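Biologist: I want to learn how to read a structure like this one. Where do we start?

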Amino acid sequence: MRTPAFLVICLIVAAAVFATAVGVGNDYVFFAGYVVLQYVVLSTAWNILGGYCGYVNFGTAAFFALGAYSTVAIYKLIAVSELPHVVPIPVLMLIGGVVSGIVGFGMGYLTLRLRGAFFSIATLALAVVLETLVVNWDYVGGSRGAYVIRPEELPLIGNYIRYLFLMMLLLAVAAITIARLIEHSRLGYGFATIRDDELAAEASGVPTLRLKLIATTISGTLMGMAGAPFPYYIGFLQPDSTFALDYAVNSIAMPLIGGTTSWAGPLIGTLLLGTLQQIITVTISSAVNLLLVGCLLVLFVIVAPNGIVGLVHTYLQRKPEDFVGRRRVGADAAGSLS
Amino acid sequence: MIFSFNLFINAIVSGILIGGFYAAVTSGVSLAFGILDIVNIAHPAFIILGSYVAYIVNASFGFDPILTSIVVIPAFYALGAAIYQIYYVSFEKRGQESLRGLAFFFGLLFITEVSLVLYFGVDYRYVDAPYIGPTWHFGNIDMPLRILVPCLVSLVLIAALELVLTRTFIGRAIMAVAQDQQALRLMAVDPVRIKRIAFGISIATASLAGAFLIIIQPVEPSVGREYIGRVFAICVLGGMGSLPGTVIAAMLLGVVESFTATFYGPSWAPAVSFGFLLLTLAVRPAGLLGR
């Protein structure tokens, strides 16, 4: 399928989702749905580097928080100036995306030349350091946190949460389209060579460092964009919750449970796990929900390394392939005998 | 001026003492990551587990935390050996350790932490021991025993580890498995068994390090996270797998963190280890005493 056609289908699905959510008529649907959509973006972004290139990023929270705190910084800046008080969400997304894209590029430039493990460890440490910076930076609230006042109503759309939901929905469509576009392009094949055998790729003339940097930057940018509207969603932004390890574990677990090699994997994983989490958080508790994510992650990487997509794939392909394979072996044997 | 000189000396001394403790925390990672090439990012979680074991026994029977941790070493060793067996069968054998192996350990880190939160809550826990209160004074230098004792015991632990690694058959086999598995196999040694033993030892050190941690500071389940950046920074800076390097790097980091905390405020201290890590990776990835 061509990308424009795919995009149109995505937009139709998105419109249907939005229409259904409006049809339900309860604003809680938007609050819960926003979180799931946010994870669609985060896990798709993670998968561009993790699934396609095979480099594990533990710093999802850091990139996400970069986007969120860019918004807070802009909010504070505008609150004292003469400008109109509400910046459109897409502009905030762009700014947040640029900031975390630059940080992603810088991190990658320093650590991607070494073995993959170093990059992973550096991203893990990045979250701790950025949290330290934010805690010590009073302008964006420091350790006390920052209030961001959500505008009340909007013309046409109505409640502000619907507007945020719609923006996140569009960002999710964009992220999935980008992921799919990369998957079937020269870039995607380059990424796959890095994942399968980096040394061989390097020897065959694949510019591995440049490709890895591109992947890190795209991935970081998308994560920052997902974080930018978050202060408006949550209303009160605090370092502890913004840098929580939950973001990292979710954005890793979702693609690995769904399947890492295609754009559909993170989407399926997020829809399943994200919805399940919303239900468990409401009915049991949020700690139990995190325990469940951890257990599912460990279970899936051990038992089903290719995730749900991989399971479906093997199930669909197993029987005819085995059959054809066996017959061909038989035919070859017969041929060599005669 | 006298005052600031005192502050300076005390910052150095407390940095070196805390560095000795950091060395114990890192020794397990040096073994697993530096020698065996297993990126066990869940190591701090096992240390917290060690802290809680020491806490439970101390709170219910009043036993000394360090002695308790020595007694439970076999249990931690068995845990480590079991984890390595799962890791080997599921990832190393299939050649998937880079992506899924990392995710596996991350999942373990998370499961341990959340289980502890669910069971014990997020209250800070602490232990009682005779050496926790008093402080020795040498002139103007203060040496709190609660940091001095873990530091000394951890130096003993590392010396013992270094002796095992360089003097015994198993130790030499562990060093050999890092260099050439095939050659080791030709010597009729099973590399998987050696790695299992080594990983068991690595997790066993977490038992001791956990006891040290809860002696030095009150512990709650997410404290371990601060140590992830620290242990890997020390491990890389020290030169992967070199225990003497680990001690030097740990003390260096301890001193710099102590200076940062004294002169800029403790809220900046977590950033130091990351600075160290990035600087090392950018300038000298082989570390101080790297091979």
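Modeller: We will go from the chain contact to one helix pair, then to one helix. Keep in mind that this is a predicted model.

Biologist: How many residues does each chain give to the contact?

Modeller: The size of an interface is often given as the accessible area lost when the parts come together. Here we count residues instead. Chain A gives 36 residues and chain B gives 35 residues. On the side of chain A that touches chain B, H4, H5, H12 and H14 of chain A each supply at least two residues. H5(A) gives the most, with 15 residues. That side of chain A holds 28 nonpolar, eight polar and no charged residues.

Biologist: How do H5(A) and H10(B) cross?

Modeller: Their axes come within 9 Å and cross at roughly 135 degrees. The two helices are therefore oblique to each other. The crossing is left-handed. From H5(A), the contact uses Ile121(A), Leu124(A), Ala125(A) and Val128(A). H10(B) brings Glu226(B), Ile228(B), Gly229(B) and Phe232(B). These residues divide into six nonpolar, one polar and one charged.

Biologist: Is there a general idea behind the spacing of contact residues along a helix?

Modeller: An α-helix has 3.6 residues a turn, so residues three or four places apart point the same way.

Biologist: What span should H12(B) have?

Modeller: Count 1.5 Å a residue. The 15 residues of H12(B), 269-283, should span 21 Å, and the end C-alpha atoms are 22 Å apart, which agrees.

Biologist: Which elements do the buried residues of H12(B) pack against?

Modeller: They pack against H4 and H5 of chain A, together with H10 and H11 of chain B. Among these buried residues are Phe274(B), Phe276(B) and Leu277(B).

How values were computed:
Residues are numbered from 1 along each chain as its sequence is written. Chains are lettered from A and ligands numbered from 1 in the order in which they are written. This is a predicted model: local features need pLDDT of at least 70, side-chain atom pairs count only at pLDDT 80 or more; totals for chains, interfaces and linings use all residues. Axes are lines fitted to C-alpha atoms, for helices over the stretch in contact, and angles run from 0 to 180 degrees between N-to-C directions. Helices (H or I, at least four residues) and strands (E, at least two) are DSSP runs, numbered from the N terminus. Angles under 35 degrees count as roughly parallel, over 145 as roughly antiparallel, 65 to 115 as roughly perpendicular and the rest as oblique. A crossing is left-handed if the near helix is turned anticlockwise from the far one by less than a right angle, and right-handed if clockwise. Two residues are in contact if their C-beta atoms, placed from the backbone, lie within 7 Å. Ala, Val, Leu, Ile, Met, Phe, Trp, Tyr, Cys and Pro count as nonpolar, Asp, Glu, Lys and Arg as charged, and the others, Gly among them, as polar. The expected span of a helix is 1.5 Å times one less than its number of residues. A residue is buried if 20 or more other C-beta atoms lie within 10 Å of its own, exposed if 12 or fewer, and partly exposed in between; C-beta atoms are placed from the backbone.
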